[in-house]
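The exercises below ask for a careful reading of one predicted model. Each task sentence is followed by a solution that proceeds step by step.

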Amino acid sequence: LVVKGRKVLLIGSGKDLVGRRLGERIDRGEWDVVVRCNHFYGDPVDVGTRTDLAVVREGRFEKDFLAEAPVTPLRVISTNDGPNFPKAVLQQAAQEVGHREASVGLIAARWLLNCGARLSAIGIGHFPDGHWIAQKTYPNGTIDTAGFCDWSKENAWWMRQRGVKLL
């Protein structure tokens, strides 16, 4: 899947997906490539169904993504244990964030940017009015309690990415 120079939409797992009603816009092809992270999150009215690439943390989550997604992605990539994912990106993302580990969404974004994508992102905790969530919350209202990411540092990373369009 070639992303260099192409418009890519990265869809994360944040509560900011709720109520956006971007489903038709996503599905009709405004972006050349649509990438989703970890699971299929959000209502299709808000986030569409198109999925060209799914990025999961571990290969064992691939089955979950395929079971819950309304469409089968062209490809699923595992960041931590997949044979085709550059492991240097994991270290690069963590170093840029300034924390021991980065979220899959941020890792996917760093990788896509490294590959030359023209990146847009949604579901990363950034709302249209410009505010960021302080605590990672999923579209169904569940709070992320895993605790391995530093969301304030990740928010700061996203704000430094001048070439990324935040929806």
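**Exercise 1.** Determine which residues of helix 5 are buried, and describe what follows the helix.

*Solution.* Step one is to apply the cut-off for burial, which is a relative accessible area under 20%. By this criterion Val 104, Gly 105, Leu 106, Ile 107, Ala 108, Ala 109, Arg 110, Trp 111 and Leu 112 are buried in helix 5. Step two is to set this list against the helix as a whole: nine of its eleven residues are buried, and helix 5 is therefore described as mostly covered. Step three is to look past the end of the helix, where Gly 116 follows with a positive phi, near 90°.

**Exercise 2.** Establish the strand order of the sheet and the sense of its pairing, and then trace individual bridge partners across it, beginning with that of Leu 10.

*Solution.* Step one gives the overall arrangement, an open sheet of six strands in the order 4-3-2-1-5-6, with parallel pairing. Strand 4 and strand 6 (165-166) stand at the edges with a single partner strand each, so one side of each has no neighbour in the sheet.

Step two follows strand 1 (residues 7-11) to its two partners. Five bridges connect strand 1 with strand 5 (residues 118-122) in parallel, and in this pairing Leu 10 has Ala 121 as its bridge partner. Towards strand 2, the pairing of strand 1 is again in the parallel sense and extends over four bridges; here Val 8 is partnered by Val 33, and Leu 9 stands opposite Val 34.

Step three continues through strand 2 (residues 33-37), which three bridges join to strand 3 in a parallel run. Within this pairing Val 35 stands opposite Leu 53, while Arg 36 has Ala 54 as its bridge partner.

Step four reaches strand 4 (residues 75-78), which runs parallel to strand 3 and is joined to it by four bridges. Ala 54 has Val 76 as its partner in strand 4, and Val 55 stands opposite Ile 77. The connection is completed by helix 3 (residues 62-68), which together with strand 3 and strand 4 makes a right-handed β-α-β unit.

**Exercise 3.** Work out how the two faces of strand 2 and of strand 3 are covered.

*Solution.* Step one recalls a general principle: in a regular strand, side chains alternate between the two faces of the sheet. Step two applies the burial criterion to strand 2, where Val 33, Val 35 and Cys 37 on one side, and Val 34 and Arg 36 on the other, are all buried. Since five of the five residues are buried, strand 2 is largely enclosed by the rest of the structure. Step three turns to strand 3 (residues 53-56), which is likewise covered on both faces, with Leu 53 and Val 55 buried on one side and Ala 54 and Val 56 buried on the other. Step four adds strand 1, which is mostly covered, four of its five residues being buried.

**Exercise 4.** Decide how many disulfides the structure holds, and examine the surroundings of Cys 115 and Cys 149.

*Solution.* Step one states the cut-off: a disulfide requires two cysteine sulfur atoms within 2.5 Å. The structure holds zero disulfides. Cys 115 takes part in none, and the nearest cysteine sulfur, belonging to Cys 37, is 14 Å away. Step two repeats the test for Cys 149, whose sulfur is 12 Å from the closest cysteine sulfur, in Cys 37, and so is too far for a bond. Step three distinguishes the settings of these two residues: Cys 115 is partly exposed at a relative accessible area of 31%, whereas Cys 149 counts as buried at 11% relative accessibility.

**Exercise 5.** Characterise the largest pocket by its volume and its lining.

*Solution.* Step one records that the largest pocket has a volume of about 460 Å³. Step two turns to its lining of 28 residues, among which Ser 13, Asn 38, Lys 136, Tyr 138 and Asp 144 lie nearest the centre. Step three sorts this lining by class, giving 13 nonpolar, ten polar and five charged residues. Step four asks which helices contribute: helix 5 (104-114) and helix 6 (151-160) each supply at least two lining residues, and the largest share, four residues, comes from helix 6.

Notes. Residues numbered from 1 in each chain as written. Predicted model: local features only at pLDDT ≥ 70, side-chain atom pairs only at ≥ 80, totals over all residues. Heavy atoms only, no water. 1 Å grid on protein atoms, 1.4 Å probe; cavity = no way out; pocket = protein on both sides within 12 Å on 5 of 7 lines; lining within 4 Å. Points joined across faces, edges and corners; volume = space filled by probe spheres on them. Nonpolar A, V, L, I, M, F, W, Y, C, P; charged D, E, K, R; others polar. Buried < 20%, exposed > 50% of the residue type's maximum accessible area, 1.4 Å probe, protein only. Pairing = 2+ DSSP bridges. Right-handed = clockwise from strand over helix to strand, strands pointing away.
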